[in-house]
Amino acid sequence: MPAIANIFDRPPAPVRRDMEGLRAALDQAIPVRQVDRNLLIASWNIRKFGGLTRKWTAGTNDSPKRDLRGLLAIAEIVSRFDVVA
């Protein structure tokens, strides 16, 4: 895994497996969006959102701890909602 990664790179296999598991868990936990039937609203604390370690998985000594894996997970979660505050 390269030290510096780009969110547009294909994630490594362990990250892809994690995202598949996350998608399955979200499918179970969050209702499907249905136009004219429901409105899904979420809130998210974006404090220090700009801090990002440019690796798929942050190491113990990396700062900030948010890595591309986490960013991909956040994108997957918020994409399930109509409104995110």
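**Reading a two-helix, two-strand chain**

Mentor: The accessible surface of the chain comes to about 6,100 Å², and 56% of that surface belongs to carbon and sulfur atoms. Please keep in mind that this is a predicted model.

Trainee: Where should one begin with the fold, and what pattern does the chain follow along the sequence?

Mentor: One begins by listing the secondary structure elements. Here there are two helices and two strands, and they are arranged along the sequence as α-β-α-β. Taken along the principal axes, the C-alpha atoms fill a box of roughly 45 × 30 × 20 Å.

Trainee: What share of the residues counts as buried?

Mentor: A residue is called buried when its relative accessible area is under 20%, and exposed when that area is over 50%. By this criterion, 24% of the 85 residues are buried. A further view of the fold comes from the contacts. Among contacts with a separation of 6 or more, 61% are made by residues 24 or more positions apart.

Trainee: How many side chains are positive and how many negative?

Mentor: The chain carries 14 positive and 9 negative side chains. The centres of these two sets lie 6 Å apart.

Trainee: Let us turn to the helices. What span should helix α1 have, and what is the distance between its end C-alpha atoms?

Mentor: The span follows from the rise of 1.5 Å a residue. Helix α1 has 17 residues, from 13 to 29, and should therefore span 24 Å. Its end C-alpha atoms are 24 Å apart, in agreement with that value.

Trainee: Which residues of α1 are buried, and why do they lie on the same side?

Mentor: The buried residues in α1 are Val15, Met19, Leu22 and Leu26. They lie on the same side of α1 because they cover an arc of only 60° around its axis. The general idea is that an α-helix has 3.6 residues a turn, so residues three or four places apart point the same way.

Trainee: What do the buried residues of α1 pack against, and which exposed residues are on the face turned away?

Mentor: They pack against α2, residues 68-78. The face turned away from the buried side of α1 carries Arg17, Glu20 and Gln28, which are exposed.

Trainee: Is Leu72 of α2 buried, partly exposed or exposed, and what does it contact?

Mentor: Leu72, which is found in helix α2, has a relative accessible area of 24% and is therefore partly exposed. Setting aside neighbours within four places in sequence, Leu72 is in contact with Ile7, Pro11, Val15, Met19 and Trp56. Two of the buried residues of α1, Val15 and Met19, appear in that list of contacts. By way of a distance, the C-alpha atoms of Leu72 and Asn38 are separated by 25 Å, with these positions 34 residues apart along the chain.

Trainee: How should the loop between α1 and β1 be read, for instance at Val32 and Arg33?

Mentor: One asks for the accessibility and then for the contacts. Val32 lies in this loop and, at 61% relative accessibility, counts as exposed. Apart from neighbours within four places, Val32 contacts Asn38 and Leu40. The C-alpha atoms of Val32 and Phe81 are 9.0 Å apart, although these residues are 49 apart along the chain.

Mentor: Arg33 belongs to the loop between α1 and β1 and is partly exposed at 43% relative accessibility. Not counting residues up to four places away, Arg33 touches Asn38, Leu40, Ser79, Arg80, Phe81 and Asp82. For Arg33 and Arg80, 47 residues apart along the chain, the C-alpha separation is 7.4 Å.

Trainee: What is noteworthy about the backbone at Asp36, and which residues are joined by a cis peptide bond?

Mentor: Most residues other than glycine have a negative phi, and most peptide bonds are trans. Asp36, however, has a positive phi of about 65° although it is not a glycine. Asp36 is found in the loop between α1 and β1 and is exposed, with a relative accessibility of 79%. The cis peptide bond joins Ser63 and Pro64, with omega about 5°. Pro64 lies in the loop between β1 and α2.

Trainee: Finally, where is Phe8, and is it buried or exposed?

Mentor: Phe8 sits in the segment before α1 and is exposed, with a relative accessible area of 75%. Phe8 and Leu68 are 60 residues apart in sequence, with their C-alpha atoms 9.8 Å apart in space.

Notes
Residues numbered from 1 in each chain as written. Predicted model: local features only at pLDDT ≥ 70, side-chain atom pairs only at ≥ 80, totals over all residues. Heavy atoms only, no water. Helix = DSSP H or I, 4+ residues; strand = E, 2+ residues; numbered from the N terminus. Expected span 1.5 Å × (residues − 1). Buried < 20%, exposed > 50% of the residue type's maximum accessible area, 1.4 Å probe, protein only. Arc of directions from axis to C-beta. Contact = heavy atoms within 4.5 Å. Areas by Shrake-Rupley, 256 points an atom, 1.4 Å probe, with all protein chains shown as cover. Lys, Arg positive; Asp, Glu negative; His and termini not counted. Charge placed at Lys NZ, Arg CZ, Asp CG, Glu CD.
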